[in-house]
Each structure stands twice: as C-alpha cells, then as structure tokens.
Amino acid sequence: MLARAASERADRVARAKVLLAVADGAHFTDAAHLAGRRSGAGVAKLVVRFNRRGLAALDSRHGGGPPVQYGPAERERILREFRRPPDRERDGTATWSLTTLQRALQRAPDGLPKVSTWTILQTLWEAGYTWQQSRTWCPTGTARRTRKAGTVTVIDPDATPKKS
C-alpha cells in the first residue's frame, strides 16, 4: 500500500494519503490536514487530476520554469549518439566530452541543433553515467578490475538503490 510505504517518496505518500482520505468521505480541508498539507483547494485539484489520469496523478509534474523541450525521443537520440564510438576525423575526438557530443548532435542531420551541454549532462546522469577522473564516461555501478586472467568488468547490483 503506497500510503504506508516507507521506501516511497514523501510527496507521493502524502498525495496517496489525501486521496484515500477523500475516498473515505473526508472533506478536502480535513484530508489536507491529515496528510500534513494546508490547502483544501490543492486537494480538490489533486482529486480532479486523479479522476483524469488515475494513479499517474501521484507523480510529480514539471515544477515551473521554461517548458521541457527534450522529451523521451530526444533523450534517446542523445544516448544513441553517446553510445556511438566517436570518429577521430569527423568528430575531432577519441572520447566524448560534453562539448564534443554537443557539436556532434548539432551537426547531425537528424540531430538536435539547439541542445545544451546541461541537457546532455542531465540525460547521461539519468541513464546512469558519471564523469570519471580519467576524463571518460562510465556507467554507474561498474568497475574494471585486473585479475590473473585479465581485466574484467564488475557490476554492482546495488548501484541503482544506492543512487536514489
């Protein structure tokens, strides 16, 4: 049950508590106070959103600022370009940096002409990559270890829980 989950995000738990209280017949103001909120109007908006979207109403939405320009398709395009090994002559590099990846994406015919290095960085972080001291990008939770039989890649199965 989401309203009692200790491992769930606090905002999702609060929204679930509000919706359960309203479903049990509580007034919007009482439901808000029960979940530690102040506004009955906010509860009313949540109920409307729940009636339209179902359980997706528990998820956080865009929190202001400029609208999101790059959705899942564009982020996948960034990752596809990142996973492609760079060509020294065409891309001018042997390993991707944010700037060289940005230039490659801007020049590509199906690329993203206005993509920023910040968007690329956020996309790589969300995909589980980190910038290493060796000036390379590595997937989070993997390490290369030298063994008698040679170099092996070790994967940490708890990397995702540790990250969040």
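The exercises below, each with a worked solution, concern the cores, one helix and the largest pocket of a predicted model.

**Exercise 1.** Identify which members of the largest nonpolar core touch the most other members, and find which helices each supply at least two residues of this core.

*Solution.* Begin with the 15 residues of the largest nonpolar core, among which Phe 82, Leu 101, Val 115, Ile 120 and Leu 124 touch the most other members. Next, assign the core to helices: helix 4 (72-83), helix 6 (98-107) and helix 7 (117-126) each supply at least two of its residues. Then take Ile 120 and set aside its neighbours within four places in sequence, which leaves contacts with Ile 78, Leu 98, Leu 101, Gln 102, Leu 105 and Val 115. Finally, note that another core of 13 residues lies apart from the largest one, and that its members include Ala 21, Ala 35, Ala 57 and Leu 58.

**Exercise 2.** Compare the span of helix 4 with the expected value, and list which of its residues are buried.

*Solution.* Helix 4 has 12 residues, and at 1.5 Å a residue the expected span is 16 Å; the helix reaches 16 Å from its first C-alpha to its last, close to that expectation. Applying the cut-off of under 20% relative accessible area, one finds Arg 77, Ile 78, Leu 79, Glu 81 and Phe 82 buried in this helix.

**Exercise 3.** Describe the largest pocket by its volume, its lining residues and their classes.

*Solution.* The largest pocket holds about 280 Å³ of space. Of its 15 lining residues, Arg 15, Arg 37, Gly 42, Leu 46 and Arg 49 are the closest to the centre. Helix 1 (10-23) and helix 3 (40-53) each supply at least two lining residues, with helix 3 giving the most, 5 residues. Sorted by class, the lining comprises 8 charged, 4 nonpolar and 3 polar residues.

Note on methods. Residues are numbered from 1 along each chain as its sequence is written. This is a predicted model: local features need pLDDT of at least 70, side-chain atom pairs count only at pLDDT 80 or more; totals for chains, interfaces and linings use all residues. Side-chain values use heavy atoms; hydrogens and water are left out. A nonpolar core is a set of buried Ala, Val, Leu, Ile, Met, Phe, Trp, Tyr and Cys residues joined through side-chain atoms within 4.5 Å. Buried means under 20% relative accessible area, exposed over 50%, partly exposed in between (1.4 Å probe, protein chains only). Helices (H or I, at least four residues) and strands (E, at least two) are DSSP runs, numbered from the N terminus. Contact means heavy atoms within 4.5 Å. The expected span of a helix is 1.5 Å times one less than its number of residues. On a 1 Å grid over the protein atoms alone, a cavity is a set of points where a 1.4 Å probe fits but cannot get out, and a pocket is an open set with protein on both sides within 12 Å along at least five of seven lines; lining residues have an atom within 4 Å of a point. Grid points are joined across faces, edges and corners, and a volume is the space filled by probe spheres set on the points. Ala, Val, Leu, Ile, Met, Phe, Trp, Tyr, Cys and Pro count as nonpolar, Asp, Glu, Lys and Arg as charged, and the others, Gly among them, as polar.
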